[in-house]
Every structure is written in structure tokens, then in C-alpha cells.
Amino acid sequence: MKLHRQLLLVSLVALALPWAGCQYLRQVDSALTQGQMQALDATASAVAARLASAPQLIEPESARPGRQPGAQLYLNPLPQEPLLDGYGSDWRPWQLEPQPLLDADGQPLARVTLGRSGERVYLLLTVADTTPTYQDPRTGLLASGDSVELYTGGRHYTLPMTGQGPARALWHSDRRGVDERELRLRGRWSASSRGYQLELSLPFALTGGAMAITVNDRSISDGGPPDRRATTLPADGRPGALVEPLPALQLELDHFVRPHLRLAVVDSEGFLLASSGHTEAAEDANTPRHHWLRDWFYRRLLHRDALPAMPPQGLPVAVTENQTPVQQWFDTADGDRIGAVSVPVITRADDIVERPLLGRVVVLQSGAAVQSLTETAAHRLWLISCGAAGAALLALLGYASWLSWRIRRLHRAARNAVDASGRLRGDFPRSRTKDELGALNHAFASLLAELDQYHQYLRSLASKLSHELRTPLAVVRSSLDNLAAGPLDEQERRYAERAMEGGARLSGILNSLAAASHLEASIQQSETESFDLADLLDVLTQSYADAQPQHRFTLHKPDGPLPTRGAPELLAQLLDKLVDNACSFAPTGSEIQLRASRTRTGYRLEVDNEGPPLPAGFAHKLFDSLVSVRADGGKAGHLGLGLHIARLIADFHRGQLGASDRADGSGVVFTLELPA
């Protein structure tokens, strides 16, 4: 993996900034919601303490004795008088919570909703009965089929179910001993496939402040015992009280109200006695509305757990049926949170009847302010942290690219510092930075400078040796000449001739070394010109055929001129070395081929000859100085300098010189790649 990718992976640690910010925001959100709950609890406790000191505000003295739990019915305050048509269409917009009526098995048989408007009480009773039985007048009974019974403070009314039409309320007069109809009680029946419904109205004074409802379900209109029965009448036969909001308690509660805060007081059975304030804040036209997707994203970001739903009307059951303080968050339909705190009101001020639990104080407040504050902070933190992480990523990526560029530049400089002949190509670039890469750059430069000095010494060693050895060699050769001129026997003359041959060979080696050193210097000083490579090859091929009649020479080249730029006399010398080498190894009478072809960057020249293959491991050593693979060991004057000179000429032309065996191993091919 490359350096900039490694640093890019390391830079991903910067993504921990948004994560850490989210964790911090979650802690802040939890602390704010906990603080809001503590404030609500303090408000609820203060209201509960005030009501505990004045228990008559919740439960007047006259209402305390004899009250049995579960028998009371709640009177909802109605905004207007509903139309008594039996269908209950006027009740639906008010969304009042009905009270279920359960049979002996605990199954719901009916549900009832009561309300008060002015001095009249209204009742909407819905009975679930798919097989209703109607009143049969032939039986002479008060109620032979399904019926509804109302118990008030002083009377017991029976309403036989007659299907569609007006409802008749009958009560038994003990004074007259007959059943009489109560004309002050008006209502209508309506039936459907799911059951029947009764809508009723009566004066509040007729109830005496108490009421109980009984629903009788019979399968046969014979007036016998009902198959199912649901009632709110206690076992002692005394109807429960009608509970409704208390004006005095409402006035007292208004003293504690605050903006965006709802206070409610319920009795021991959860019926609402007073309510003040609202949890909804007034909408500001200048406040921008956020998109639902953004709100959903921030809720997921803050990792808020799923909350129970807040009922659209009324109070949550979880905070109206508790015996101990309760704190609970609820979700609304529009995605807001409502915090609810319930504190029981307990007093022992009454010495006659001890009623520890008078009711509960419920305080509700929207969490929209805290939620908006947290989401605004989350939005800003998200932007800032993402911007910081992005800037860090870009900075690290830029730094990684800069380091990678420096390393690649150092790599290219080190790779191109030395040419094929071992010479240093100009000055090695030195970095001005003082970091580790700068130190490595300086170390490379110093090492290459020392190698260049050593190479310069090796290049001048041949000329120095040839100069220093010429004088003692001349003394040795003159002494051998004088010795050979005198009288010598046959054995002495043989030794003298052998010494003279060795001196001649040594003198030839020194002359070749000097010539190679001078030729290398002259190559670098040669001038280039534009010429036609095809003409040069034609002339050289003819010359080789005339000079080497024991071999056959053929030239293969494309038609037309081959324009190039270089030193034609040096290229001719290069080809002379390659052809001379080919003639040395090719069998007599064999063919030596010269080929020229165009490439994408220039030209390719090949000298192909039959003969032995290249020795193993010598493909790259053939062009070094003083390297020869001939069997005579250099006795014929071949000292391994020809191919070395050929490579120097190729380097001068920015070309590449190489050697390889034929595919079938029957010969050797020398290849020269030249730029155009």
C-alpha cells in the first residue's frame, strides 16, 4: 500500500471527532431532560403540598363518607348541548374518553360517556350486541328484552330497548303502586349491525349528584334473568357520585400556571378535577420549520429510545393511577416529547375518616425547547466537526501527497543518477528540507559523489598504467633485443623469443588501454548531425562484404529513408565492432544478417550471426571493459574492449545495446535501440 493511502487510512481517525461530539450531545441531552424532569417534579410537589393543606379543594367534606372506588362516573364539561338523535354524531369532535362497562367475566359489554351542559346531564351509551332483543308489549313486563337501568340519588329508572325511536324511562311509584314514565328524561335509541346506542338527557337536579348504570342483555324477550349484565352499581345498592371539575380547585390551580406548562389535578380514581395551561407553544411565523428528515436524523443521532405515545385527549393512564411519584416521557404524534410528572396528594387532616390519597397532581411540559436546543447544538457540532474532519483529511491527504512526491522524486533521481556505463549523470539534486527525507537525500548525494570519484579514478587508471608501464617495458624490450643480437644457444634463444613475444603482447595491451581511454574522451566531444540511417547501412554492408569475403552479408530494412540524428562515424564504428565480433564466432561461409526496423520511439538495428550461444551469466557482462569470452584468452589481440566501446557509443546516442541468443540457440543476436 502506498504512503498516501496509508496516511489516508490513518486520517480516518479524524472521524472520531463527530462521534465524540455525538456522545457529548447525548450526555447533554440526558442532563437537560433530567433537569427538566426535576423542575417539573418540584412544581408538582409544591402544588401537591398546597392541596394537601386544603383537602376540601379536592374533596368536599360532604362527598367523603361512603364513596366506593369504581362506582363513580365522570361528567365531562360539554361546549354545547348535543342533538339527541341516537347517533352521537355531535360527540365525536369532542373526543371524550368513554368509560367501559364490564360484565361478570370482565369482558366489555358497553361504554358510556357523560357530559354536562348548563343544568342538564347528557349520556351516550353504546352497547356491543349483535343479537339484540326488543321489548315485547304482549308480556306486560316492564322490560322483557334488552334494557338499560339508571340509578340516581332517589330513583331507579328502567329503559326497555325498542329499536329505533324515542326512549321511555319508567320508574315504579311506591305511593301509587304503578310504573310511571319520567317525562323529564328524554332520549332516543338507534340500532346497527354491531349493537345499539342510547342518547339521553336529564336534569342535573334529578340525579342528586349520583348515578349508576346497568345494561341487561337477554337472548329471549321473556323478561327472565339476563344472559350478560354490566353495571356500575356497588353491592350496597348506592349509586356512585358524579364527578366533575371543581371551580374552586380550578381557581387555586391557576395561581401556579406558567407558559408552556399544563397543570392537572385528578381524584383518587383518575378523574380530571381541574386543568390549567397548555403544553403547546405558540407558533412563531419567523421561526423556520425543519424538514422531517432532519428531525428524524437528529433523533437517531441522539439515540433517543422509543417512548410511549401520548393520548390525543386526556391524561396518560401511567400518571393517573399511581400511588407513588411517577416521571415519564411520552411521544406526541408530531414527533415532540412531553414530560409528565405525577405526585400524589396525601393528607391526614380529617380525624373522622382517614383518606390518605385524595388525588394526584399531574404536571406536563413539552420538551420541544430542550429538543430544539439540543438539535441546534447537534447541527452546529455536526457542521463544525465534519468541517474539521474534512479539513484534517484534506491536510493529511495533501501532506501524504507531498511526502509521496518527495519520495518519488528521490526514487527517480536515484534510479537515473548513474548511466549504463557507471557514470554520474550530472549533480544529484539536494533537498533543502531538514527532516528524515532530507537527510536521506543528502546521504544519497554523498554516496553517489564518492562513487563518481571512484569511477573517475578507475577511468583514468588505464591511461596512468599505460604511461607508467611504458618506460620499464621499453627497458625490458631493449634488453631482450640486445640479448637476442648476441650469441645464444638454441634453448636460450627459445626463452628469449618467448620473453619478446610476451613483451609485445604487453605493449599491445598498453596501447589498447590508451586508445580506449582516448576514444572514450573523444566520443563525449563528438558533434551530432542529421543523416539517413538507410544510406549508412547500405554503404557499411557493402564494405563488410568486400572486407570479409569468407562470410555472406545481407541487409533487411524498410523502404525509404530512415532519418535520424547522431554521429554517423561513431555509429559506423559501433557496427564495425558488432560485425567484427560476429565474424569471429560465425562459421566460415555462414550468413551474417543486418536488420533495421522502425519502432514506436525510433529504430532497432540487429546483427544476427550463427555460432555458439552466449555463456551463461555473460549477457550483461559482455559490454564491460576487459571482458572477453573467446577461447584464445586474448592471444589474438582481442582484449574485451570492442563491445565496451560499442556500448559507450550507444550511450552517447541515448540508445540501448543488448545481446541475446537466437530462439533455437543456433546463434547470437545483438540489438541496438536508437531514438528517432
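This is a short tutorial dialogue on reading cavities, pockets, burial and salt bridges in a predicted model.

Q: Let's begin with empty space. How many cavities of 30 Å³ or more are there?

A: Here is the general idea: rolling a probe the size of a water molecule over the atoms shows where empty space is left. In this predicted model, the count comes to 3 cavities of 30 Å³ or more. The largest cavity has a volume of about 80 Å³, and the second largest has about 40 Å³.

Q: Which residues line the largest cavity?

A: Its lining is made of Arg406, Ile407, Arg409, Leu410, Ser431, Leu437 and Asn441. Two elements give two or more residues to this lining, namely helix H6 (368-415) and helix H7 (436-485). H6 has the largest share, with 4 residues.

Q: That is helpful. How should I read the spacing of residues on a helix such as H6?

A: An α-helix has 3.6 residues a turn, so residues three or four places apart point the same way. Keep that in mind as you look at the cavity lining, where Arg406, Ile407, Arg409 and Leu410 are listed.

Q: What is the chemical make-up of the lining of the largest cavity, by class?

A: It is a mixture: 3 nonpolar, 2 polar and 2 charged residues. For the second largest cavity, the lining has 7 nonpolar, no polar and 2 charged residues. The residues around that second cavity are Leu537, Leu555, Leu575, Leu594, Arg595, Ala596, Leu605, Glu606 and Val607. Strand S23 (591-598) and strand S24 (602-610) are the elements that give two or more residues to it.

Q: Now for open space. What is the volume of the second largest pocket, and which residues lie nearest its centre?

A: A pocket, unlike a cavity, is an open set of points. The second largest pocket has a volume of about 710 Å³. Its lining holds 25 residues, and those nearest the centre are Arg92, Arg111, Leu124, Thr126 and Gln197.

Q: Which elements supply that pocket lining?

A: At least two residues come from each of strand S3 (108-117), strand S4 (120-128), strand S10 (186-192) and strand S11 (195-203). S3 gives the most, with 6 residues. By class, the pocket lining has 14 nonpolar, 8 polar and 3 charged residues.

Q: Let's turn to burial. Why is helix H11 described as largely enclosed?

A: The idea is to look at relative accessible area, with buried meaning under 20%. In helix H11 (residues 642-652), 9 of the 11 residues are buried, so the rest of the structure largely encloses this helix. The buried ones are Leu643, His644, Ile645, Ala646, Arg647, Leu648, Ile649, Ala650 and Phe652. Just after H11, Arg654 takes a positive phi of about 55°.

Q: And what about the outside: which residues make a nonpolar surface patch?

A: Tyr399, Trp402 and Trp405 make a nonpolar surface patch of about 330 Å². Trp405 lies in helix H6 and is partly exposed, with a relative accessible area of 39%.

Q: On to charges. How many salt bridges are there, and where does Arg116 take part in one?

A: The count comes to 15 salt bridges. One of them joins the side chains of Arg116 and Glu244 (2.8 Å, N to O). Arg116 lies in strand S3 and Glu244 in the loop between strand S14 (240-243) and helix H4 (247-254), so the pair ties together parts that are 128 residues apart in sequence. Arg116 is buried, with a relative accessible area of 18%.

Q: In the salt bridge of Arg138 and Asp136, is each partner buried or exposed?

A: The side chains of Arg138 and Asp136 meet at 3.1 Å, N to O. Arg138 is exposed, with a relative accessible area of 75%, whereas Asp136 is buried at 17%.

Q: Which distant parts of the chain does the pair of Glu673 and Arg604 link?

A: Their side chains meet in a salt bridge (2.6 Å, N to O). The pair links Glu673 in strand S26 (residues 667-675) with Arg604 in strand S24, 69 residues apart. Glu673 is partly exposed at 26% relative accessible area, and Arg604 also counts as partly exposed, at 30%.

Q: Finally, which residues are linked in a network of salt bridges?

A: Arg595, Glu606, Asp608 and Arg662 are linked in such a network. Arg595 and Glu606 also appear in the lining of the second largest cavity.

Definitions and conventions:
Residues are numbered from 1 along each chain as its sequence is written. This is a predicted model: local features need pLDDT of at least 70, side-chain atom pairs count only at pLDDT 80 or more; totals for chains, interfaces and linings use all residues. Side-chain values use heavy atoms; hydrogens and water are left out. On a 1 Å grid over the protein atoms alone, a cavity is a set of points where a 1.4 Å probe fits but cannot get out, and a pocket is an open set with protein on both sides within 12 Å along at least five of seven lines; lining residues have an atom within 4 Å of a point. Grid points are joined across faces, edges and corners, and a volume is the space filled by probe spheres set on the points. Ala, Val, Leu, Ile, Met, Phe, Trp, Tyr, Cys and Pro count as nonpolar, Asp, Glu, Lys and Arg as charged, and the others, Gly among them, as polar. Buried means under 20% relative accessible area, exposed over 50%, partly exposed in between (1.4 Å probe, protein chains only). Patches are made of residues with over 30% relative accessible area and no salt bridge: like charges are joined within 9 Å, nonpolar side chains (Val, Leu, Ile, Met, Phe, Trp, Tyr) within 5 Å. Accessible areas come from the Shrake-Rupley method with a 1.4 Å probe; for residues, only the protein chains shown count as cover. A salt bridge is a side-chain nitrogen of Lys or Arg within 4 Å of a carboxyl oxygen of Asp or Glu.
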